[in-house]
Amino acid sequence: MPFQSSSTRPYSDLDTVGIAIRWDPSHDQLHIGVLHRLDDDVQLCHLKFHHLLRRGPPDDGYFWADCAMFSGGIERSSNGRVFAVLISETARNPNIPYGFAFDENCFANDGTYRPMEIGKGLTCASFVIALFHSHGYPFLKLESWRLRPEDIAWQNKILDLLRRYATAEHVNAAAAYVGQFRYRPEEVAGAAVRAPPPLDFDESVNLATDILATIGATGTA
Amino acid sequence: MNFIQPLVQNPREMGSPTLREEIGALYTVGYLRTQAVARAGSIRQYWFGGDLSDLWATNLWPFAWKPAFGVTDFTQNELDISEIDLTRFEAFAANTVGAYIVAGDPDSYLAYGAADLEAEMAKFVRDIIKAKIENIVGLLGRDYSYHVLDDAIRIVERNPTKPEWALELEKHGQRRPTTQELAGLIRSLKSLLSAGDFWEIDTAFSTLNISNISVEGLIALLRTTYYRRSSLETWTAFLESVRGELNKRGLNAQEVLFGLS
């Protein structure tokens, strides 16, 4: 299922769980979150920034798609219904740190965030990875990831921003992780909606190209 | 029986009986483990597990262990071992007790080599804890078994009744649960996991009539507990039962259980 704008396809069309992505002009980068349905209520769970995990009705302007692994037959939609509840439980704790290195299973299956060591944290994209993988829905082959030089520039930019919102202890420790693999929002979005998972780096990058074209973004900052 | 002698050497090398084997005839014992937890001041607290071959490998003791001396009387809820300032039993629930051990000022400990330490541990575990647990089981007058958690030993009924939430789940049959019912189930499991009350989940997993449970209910049971599956003795068997049940219903079990193993 290709990504479509919420103006073309309303969020109410969501089956159980989906991915939403949009260009964030204020930060000159893409932002990603997880759409999930609880009965008639569609919500977006996303890590806005340091200690800013948010869950609420999605704003207009996102491009979104159902996650194929949670959409279709009873096998998939049943998992989607359960996962949607688990996502809503996860969002009870907003204090997720922002950072470049993370533990794949940093959410317990009951939705509880398990604090990582100081300096580690999630981005909006790695939050999506951690959320899925922690609950036994691995959709990316993390070991296949590769470092790209432009990701370091992005990490340094974020580090500057982080200095305004996080403790010096966290920022200094996070700085040590500059140079970690970056999982870009468009790559995560592409892989998360595809079935059967998991996808590797090359497959995800290919899908990301289509998403960038759909969104009209020229690249991820 | 001399419990100490066979454990003076590395029990892995000797192939000596583990605690599990020693008391396995009497009780069902899960995996056994110890953890050291720093406390305020010079007090250290040791959660006590028992497989001595594991103990040998854990290297948890930063200082030598003082031998355990006299043991005072205890009640169901409390057990004191004097001199070493150790151990009390704690009622977690009406039919569940657990043990932990608190060692006092490390400066006062006698020096022991690793082998002596091992022997002391063996003595402690087998002669004292085992006896006390047996006594407690006797006092409680029920058929209890050990249940070893990440961080404690618990004694539980061998033939417990099915938990309320499990009965409730069965009552709904295969009907699709509402979101609220799913959330309620997940919160019940979450609460048990947070409290380390794995026994109740194990009990449910081993007694649930899964043909009376919806697909969502089965998924919630497995997915919510997946992270702690190593603490749940019945998790893997439950997964396989669910796989069989899904096949019986004509569903694609591989797709339902994707990512779980």
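This short talk goes through the contacts between two chains, the nonpolar cores and a few salt bridges.

Please keep in mind throughout that what we have here is a predicted model, and that the values I quote are computed from it.

Let me begin with the interface. On the side of chain B, 26 residues are in contact with 25 residues of chain A, and the area buried between the two chains comes to about 2400 Å², with carbon and sulfur atoms giving 58% of that area. Between chain B and chain A the count is four salt bridges, and one of the pairs I would point to is A:E89 with B:R187, where the closest N and O atoms are 3.0 Å apart. The rule for polar contacts finds twelve residue pairs across this interface, with both residues of each pair at pLDDT 80 or more.

Which elements of chain B give two or more residues to the side that touches chain A? They are the helices α6, residues 179-194, α8, residues 215-225, and α10, residues 253-256, and of these α6 of chain B gives the most, with eight residues. Sorted by type, the residues on this side of chain B divide into 13 nonpolar, seven polar and six charged.

Turning now to the interior, we can start from the general expectation that in soluble globular proteins nonpolar side chains tend to be buried together. In this model the largest nonpolar core has 103 residues, and those with the most contacts inside it are A:I19, A:L122, A:F132, A:F139 and B:L221. Helix α2 of chain A, which covers residues 124-134, gives the most to this core, with eight residues. To take A:L122 as an example, and leaving aside residues up to four places away in sequence, its contacts include A:L47, A:I96, A:F102, A:F107, A:M116, A:F127 and A:A130. There is also a second, separate core of eight residues, among them A:L14, A:A20, A:L35 and A:Y62.

As for chain B taken by itself, it has ten helices and eight strands, and of its 261 residues 51% count as buried. If we consider the contacts in chain B with a separation of 6 or more, residues 24 or more positions apart account for 63% of them.

Finally, the salt bridges, of which the rule counts 21 over all chains. The side chains of B:K171 and B:E168 meet in one of these, at 3.2 Å from N to O; these two residues are three apart in helix α5 of chain B, residues 164-171, and are therefore separated by about one helical turn. B:K171 counts as exposed, because its relative accessibility is 62%, whereas B:E168, at 36%, counts as partly exposed.

A further pair is B:R243 with B:E240, whose closest N and O atoms are 3.1 Å apart, and here again the two residues are three apart, this time in helix α9 of chain B, residues 235-248, so that about one helical turn separates them. Both partners are partly exposed, B:R243 with a relative accessible area of 25% and B:E240 at 41% relative accessibility.

In another pair, the side chains of B:E181 and B:R175 meet at 2.9 Å, N to O, and here B:E181 counts as partly exposed at 26% relative accessibility, as does B:R175 at 39%.

In chain A, to close, A:R148, A:E150, A:D151, A:R184 and A:E187 are linked in a network of salt bridges.

Definitions and conventions. Residues numbered from 1 in each chain as written. Chains lettered and ligands numbered in written order. Predicted model: local features only at pLDDT ≥ 70, side-chain atom pairs only at ≥ 80, totals over all residues. Heavy atoms only, no water. Contact = heavy atoms within 4.5 Å. Buried area = accessible area lost by both parts, 1.4 Å probe. Polar contact = N/O pair within 3.5 Å; in protein donor to acceptor, adjacent residues only side chain to side chain. Helix = DSSP H or I, 4+ residues; strand = E, 2+ residues; numbered from the N terminus. Nonpolar A, V, L, I, M, F, W, Y, C, P; charged D, E, K, R; others polar. Core = buried A, V, L, I, M, F, W, Y, C linked by side-chain atoms within 4.5 Å. Buried < 20%, exposed > 50% of the residue type's maximum accessible area, 1.4 Å probe, protein only.
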